[in-house]
Amino acid sequence: MIIALIGADGQLGTDLRETLAAEDVRPLFYPDFDVTDAGGSAAKLRDLGPDVVINTSAFHRVDECEDRIEDAFRINAFAVRDLARTCRDIDAVLVHFSTDFVFDGASSRPYVETDRPGPLSVYGTSKLAGEHLLTAEWGRHFIVRTCGLFGRAGCLEKGRNFVETMIWLASSRRTIRVVNDQVVGPTSTVELARAVRALIGTEAYGLYHLTSRGGCTWFEFARRIFELIGVEADLLPVGSKEFGAKARRPAYSLLDDAKARALGIPGCSDWETALKDYLTGRDPRAAG
Ligand SMILES: NC(=O)c1ccc[n+]([C@@H]2O[C@H](COP(=O)([O-])OP(=O)(O)OC[C@H]3O[C@@H](n4cnc5c(N)ncnc54)[C@H](OP(=O)(O)O)[C@@H]3O)[C@@H](O)[C@H]2O)c1
């Protein structure tokens, strides 16, 4: 199976490359391969003739998206539409990633795929638009909504993932303010990549939720990181309002992965197990 992997050196892309190593993976790197260049992307994908195209690219600096609406929609929505059209033309399955930020956070139980979205931010809105445009263009797709990714490649676009950011901040010995009123399901990119591998072995196209099991606030996640690595950090729980981020985020965004599990897809483990595994395999220089 030929798999074109867009964003192959990103956080998720890196683990997908390793997890899918038994396949003929053709890694595509930005800016050589730019999803916003519709003509260039289409020509390159036609040349490759993939069975599956996996798109990990996104503009996901959530607060920056509030001021750069056009850029957010260019990458997260219109480029996804163009990829869908290309995949339709070359008859390739398109795998695309979306986010828990499509929801408003008012739920009191994990969101299922049929729940009504209600994004609170430009980022969430642009990702939801991408889902809709893709769905309208091409049926042979998997849209995977996930949350709070952490993986070895550390989230290149943002500089570091949350785990590495916490460890780095602790080394500065400052008080670390962490939001304690957003409940999330931090997810390991290794585990997500394994689930994606299983998903593309099926023809059960559609929308899926794939995140860690269980949930925690960002503050609880940070506290557990320091407990596990045995570092005493000066952690201060704060509310979202006090924290003052530009974009609004859902207060609760746990996703239910029952639909994927019912298909026999190995879901992700609980967030604490995934965090332990990540910290065990972590390069201690990663946060430097
Ligand atoms: N990170 C999270 O916590 C999180 C949570 C929920 C959902 N998601 C979704 O999961 C997916 C993967 O996230 P991630 O954390 O792996 O992101 P990432 O580490 O930032 O990787 C994104 C990759 O896409 C590349 N890219 C950026 N702009 C591009 C463009 N215009 N054309 C082609 N490639 C481009 C990046 O290249 P450069 O590094 O050179 O820019 C990078 O290789 C995204 O769809 C994101 O919205 C992420």
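In what order do the 6 strands of the open sheet stand? This tour of a predicted model begins with the whole chain and then returns to that question.

**The whole chain**

Display the complete protein chain, which contains 11 helices and 12 strands. Its radius of gyration is 18 Å, close to the 19 Å that the globule rule gives for 288 residues, so the chain is as compact as a globular protein of that length. Measured out along the principal axes, the C-alpha atoms fill a box of roughly 55 × 40 × 35 Å. Of the 288 residues, 47% count as buried. Among contacts between residues at least 6 apart in sequence, 80% join residues at least 24 apart.

**The open sheet**

Next, select the strands of the open sheet. Their order is E2-E1-E3-E4-E5-E10, and the pairing is parallel. Strand E2 (24–28) and strand E10 (206–209) each have a single partner strand and stand at the edges, so one side of each is left without a neighbour in the sheet. From one strand to the next, the twist averages 20 degrees.

To examine one edge, select strand E5 (residues 141–146) together with E10; these strands run parallel and are joined by 4 bridges. Label valine 144 and then tyrosine 208 in E10, which is its bridge partner.

**The loop after E2**

Move to the other edge strand and follow the chain into the loop between E2 and helix H2 (38–48), where proline 31 is found. Select tyrosine 30 as well: a cis peptide bond joins tyrosine 30 and proline 31, with omega at about 5 degrees.

**The nonpolar core**

Now show the side chains of Leu5, Val53 and Leu94. These residues have the most contacts inside the largest nonpolar core, which has 82 residues. Helix H4 contributes the largest share of this core, 9 residues.

Centre the view on valine 53. Which residues does valine 53 touch, not counting those up to four places away in sequence? They are Ala4, Ile6, Leu45, Leu83, Cys87, Ala92 and Leu94.

**Aspartate 91**

Follow helix H4 (69–90) to the loop between it and strand E4 (93–99), and select aspartate 91 there. Although aspartate 91 is not a glycine, it has a positive phi of about 55 degrees. Is aspartate 91 buried or exposed? Aspartate 91 is exposed, because 10 other C-beta atoms lie within 10 Å, and a residue counts as exposed with 12 or fewer.

**Serine 108**

Continue along the chain to the loop between E4 and helix H5 (122–137), where serine 108 lies. Serine 108 is also exposed, with 5 other C-beta atoms within 10 Å. Draw a distance from the C-alpha atom of serine 108 to that of valine 95: the two residues are 13 apart in sequence and 29 Å apart in space.

**A helix pair**

Finally, select helix H6 (residues 162–171) and helix H8 (residues 218–229). At what angle do H6 and H8 pack? The angle is about 65 degrees, and the axes are 10 Å apart. The crossing of H6 and H8 is right-handed. To view the contact, show Val163, Met166, Ile167 and Ala170 of H6 with Ala222, Ile225 and Phe226 of H8.

Technical notes. Residues are numbered from 1 along each chain as its sequence is written. This is a predicted model: local features need pLDDT of at least 70, side-chain atom pairs count only at pLDDT 80 or more; totals for chains, interfaces and linings use all residues. Two strands pair if DSSP finds at least two bridges between them. Helices (H or I, at least four residues) and strands (E, at least two) are DSSP runs, numbered from the N terminus. Axes are lines fitted to C-alpha atoms, for helices over the stretch in contact, and angles run from 0 to 180 degrees between N-to-C directions. A residue is buried if 20 or more other C-beta atoms lie within 10 Å of its own, exposed if 12 or fewer, and partly exposed in between; C-beta atoms are placed from the backbone. A nonpolar core is a set of buried Ala, Val, Leu, Ile, Met, Phe, Trp, Tyr and Cys residues joined through C-beta atoms within 7 Å. Two residues are in contact if their C-beta atoms, placed from the backbone, lie within 7 Å. The radius of gyration is taken over C-alpha atoms; the globule rule is 2.2 Å times the number of residues to the power 0.38. A crossing is left-handed if the near helix is turned anticlockwise from the far one by less than a right angle, and right-handed if clockwise.
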